[in-house]
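Visitor: I would like a close look at a single part of this model, the place where the two protein chains meet. Please take me through it slowly, and then relate it to the rest of the assembly.

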2 protein chains.
Amino acid sequence: MDPIPQGLRERKKLETRLALARAALRLFEERGYAATTIDDIAAAANVSRRTFFRYFAGKDEVFIVDPEGKLAALHVALAEGPPEEPTLAALRRGVVALASAYFEPELVRAEARVGPREPAVAAAGFAYQVQWEDALAAEVAADLGVDLHADPRPRIVAHATVAVLRAGIAAWLQDDARDPAEVVADTFDRATPALEAILAMPTA
Amino acid sequence: MDPIPQGLRERKKLETRLALARAALRLFEERGYAATTIDDIAAAANVSRRTFFRYFAGKDEVFIVDPEGKLAALHVALAEGPPEEPTLAALRRGVVALASAYFEPELVRAEARVGPREPAVAAAGFAYQVQWEDALAAEVAADLGVDLHADPRPRIVAHATVAVLRAGIAAWLQDDARDPAEVVADTFDRATPALEAILAMPTA
DNA sequence: TGCCAAATGGCACTCAGTAGCACTTGACAC
DNA sequence: GTGTCAAGTGCTACTGAGTGCCATTTGGCA
C-alpha cells in the first residue's frame with residue numbers, strides 16, 4: 001500500500017483494513033481459525049459484517065491485499081522489458097515487482113504467523129501464487145517459443161522462481177531491516193545459475 | 001485407487017465416488033461452478049447431499065481422492081531409502097510415489113478440464129501440493145543439515161520438484177498410453193542437472 | 001453551505017458444511 | 001438360510017459464509 005495515503009478517506013480505509021486484520025490475527029491466535037466467525041472479527045474491529053466483505057474476499061483472505069493489483073503489476077513488469085532481453089531478466093523484474101507492489105509488512109507477518117497453523121489461510125495465499133506461476137510460465141514459454149503443455153521447462157522454472165520469491169520473503173521476515181524487494185533480488189541472483197540449468201534441460 | 005476393489009461394498013463406494021465426480025464434471029461444464037449446488041450434484045448422482053460430504057471435503061474438492069493417503073505415501077517414500085543415499089534419490093522416490101499412489105485417471109482428467117476455468121477447483125488441488133512441498137523441503141533440509149528458514153535451497157528445490165511432478169502429469173495427460181509414474185520419472189531424470197544446480201546455489 | 005460520490009450498516013436471502021439419529025444393506029459367523 | 005454387526009445412507013435441523021439491495025452517513029469539493 002502507499003506509505004502515506006492522501007486524504008482522510010484513504011487513511012480511514014487503511015485504518016479499517018488494518019483493524020480488521022489485527023482483530024483477525026488476535027482472535028485466530030486466541031481461539032483458533034474455525035472458532036472465529038466473521039461477526040467476531042467485524043465486531044472486534046468496530047465495523048459491520050457487511051463491511052468486512054468490502055475489504056476482504058473471505059475469512060481465509062483476511063491478510064491478503066489486492067491480489068488483482070499484484071497480478072496486474074506482475075504482468076506489467078513482465079511486459080516492460082526490451083524484446084531481446086534474456087528470459088531471466090523478465091522473471092527477475094517480475095518477482096521484484098511482486099515483492100514491492102502493495103507490500104504491507106504487518107499483513108505479511110500476520111500471514112506468516114497464522115499460516116503454518118491454519119491451512120485454510122496458507123491455501124488462500126497459495127491460490128494467488130498459482131496465478132503468478134501461470135503468468136511466469138506463459139512468459140517463459142512465449143520467450144522460448146515453445147508450447148506450455150509440451151515442454152516442461154516453463155512450468156518448472158516458473159515454480160522455482162516463485163519459490164525464490166517465497167524464500168526471499170522468508171529471509172526478509174528474519175531481517176526486517178532490509179527492503180523486501182532487495183532481499184528478493186539478492187535471492188534471485190544467487191539462484192540464477194540454477195534457473196539457467198532448468199532452461200538448459202533436455203526437452204525430450 | 002485399487003484397480004479392482006475387493007467386495008461389493010468397496011465397488012459400490014468407488015461407483016458412488018465416480019458418479020458424484022462425473023455428475024459434478026458435467027454440471028460444472030454445463031452451467032458453471034458457482035451455478036452448481038451440491039444438492040444438484042448429489043441429485044444427479046442419486047445420493048443425498050449428506051452423502052456427498054462423506055466422499056468429498058467440499059464442492060471444490062470433488063475431484064480429489066484421499067489427500068491424506070497421498071501425503072502419507074509421500075512421507076513413507078521419502079523415509080524408506082538408505083541413510084547415505086543422494087538427496088535427489090529420495091525426491092525421485094517421492095514424486096514417483098505421488099504419481100502412482102491412488103492415481104485415478106478419470107478424476108485427474110476431470111480436474112484438468114475444469115481447473116483452468118474454475119480457480120476454486122484448481123486452488124483446492126494446489127492446496128495439497130503445498131503439503132508436498134513442505135514435506136520435500138523438510139526432507140532436503142534434514143538431508144543437507146541446514147535450517148529450512150535460513151537456507152533458501154530446500155524450498156526452491158522442493159517447489160521445482162513439485163513442478164516436475166505437475167509437468168509429468170501434464171505430459172501424461174497428452175499421452176495416456178504410458179504409465180503416469182513412468183512419465184513423471186522420465187521428467188525428473190531430465191530435470192536432475194537443474195535440481196543439482198539448485199542444491200549448488202551459494203547460500204549467502 | 002450544499003451537492004455528489006464513496007463508504008457503511010442493516011436486512012434478507014441462498015447455500016456450504018456439520019451434528020445427531022433412524023434406517024438400510026453388505027459382510028460374516030453359525 | 002438366519003441372525004448379528006458394522007458400514008453406509010437419508011433426513012432434519014442448525015450455524016455460519018457470502019451476496020444483493022437499499023437507506024444512511026461521511027468525506028471531498030465547488
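Guide: In this predicted model, a turn of 180° with a shift of 0.0 Å along the axis lays chain B on chain A with an RMSD of 0.1 Å. That is the relation of a two-fold axis. Within chain B, the C-alpha nearest this axis belongs to B:Ala160, which lies 2.5 Å from it. Both copies use the same surface, since 97% of the contact residues of chain B recur in chain A.

Turning to the contact itself, 29 residues of chain B are in contact with 28 residues of chain A. On the chain B side, helix 7 (119–144), helix 8 (153–174) and helix 9 (180–199) each supply at least two residues of the surface that touches chain A. Of the elements of chain B, helix 8 gives the most to this side, with 12 residues. Sorted by class, the side of chain B that touches chain A holds 22 nonpolar, 4 polar and 3 charged residues.

One part of the meeting place can be followed residue by residue, namely the pairing of helix 9 of chain A with helix 9 of chain B. These two helices pack at an angle of about 180°, with their axes 8 Å apart. Angles over 145 degrees count as roughly antiparallel, and helix 9 of chain A and helix 9 of chain B are therefore roughly antiparallel to each other. From helix 9 of chain A come A:Pro193, A:Ala194, A:Ala197 and A:Ile198, and they meet B:Pro193, B:Ala194, B:Ala197 and B:Ile198 in helix 9 of chain B. The residues of this helix 9 contact comprise 8 nonpolar, no polar and no charged.

Within chain B, helix 9 also packs against helix 8, at an angle of about 150° and with 8 Å between the axes. Helix 8 of chain B and helix 9 of chain B are therefore roughly antiparallel to each other as well, and helix 8 passes helix 9 in a right-handed crossing. Among the residues that make this contact are B:Ile156, B:Val157, B:Ala160, B:Val164 and B:Trp172 of helix 8, together with B:Val183, B:Phe188, B:Ala191, B:Leu195 and B:Ile198 of helix 9. Two of these names have appeared before: B:Ala160 has the C-alpha nearest the axis in chain B, and B:Ile198 takes part in the meeting with helix 9 of chain A. By class, the contact of helix 8 with helix 9 in chain B divides into 17 nonpolar, 3 polar and 1 charged.

For the wider setting, chain A has 9 helices and 0 strands, and its C-alpha atoms fill a box of roughly 55 × 35 × 30 Å along the principal axes.

The two chains also come together around the DNA. Around DNA strand D there are 18 residues, of which A:Gly7, A:Gly58, B:Ser48, B:Arg50 and B:Thr51 are the closest. Helix 1 (8–31), helix 2 (38–44) and helix 3 (49–55) of chain A, with helix 1 (8–31) and helix 3 (49–55) of chain B, give two or more residues each to that surface. DNA strand C likewise has 18 residues around it, and A:Val47, A:Ser48, A:Thr51, B:Gly7 and B:Gly58 come nearest. For strand C, the elements giving two or more residues are helix 1 and helix 3 of chain A, along with helix 1, helix 2 (38–44) and helix 3 of chain B. The surface near strand D has 4 nonpolar, 6 polar and 8 charged residues, and the surface near strand C has 4 nonpolar, 6 polar and 8 charged residues.

Technical notes. Residues numbered from 1 in each chain as written. Chains lettered and ligands numbered in written order. Predicted model: local features only at pLDDT ≥ 70, side-chain atom pairs only at ≥ 80, totals over all residues. Contact = placed C-beta atoms within 7 Å. Helix = DSSP H or I, 4+ residues; strand = E, 2+ residues; numbered from the N terminus. Nonpolar A, V, L, I, M, F, W, Y, C, P; charged D, E, K, R; others polar. Near = placed C-beta within 6 Å. Least-squares fit on C-alpha atoms with pLDDT ≥ 70 in both. Axes fitted to C-alpha atoms, helices over the stretch in contact; angles between N-to-C directions. Parallel < 35°, antiparallel > 145°, perpendicular 65-115°, else oblique. Left-handed = near helix turned anticlockwise from the far one by under 90°.
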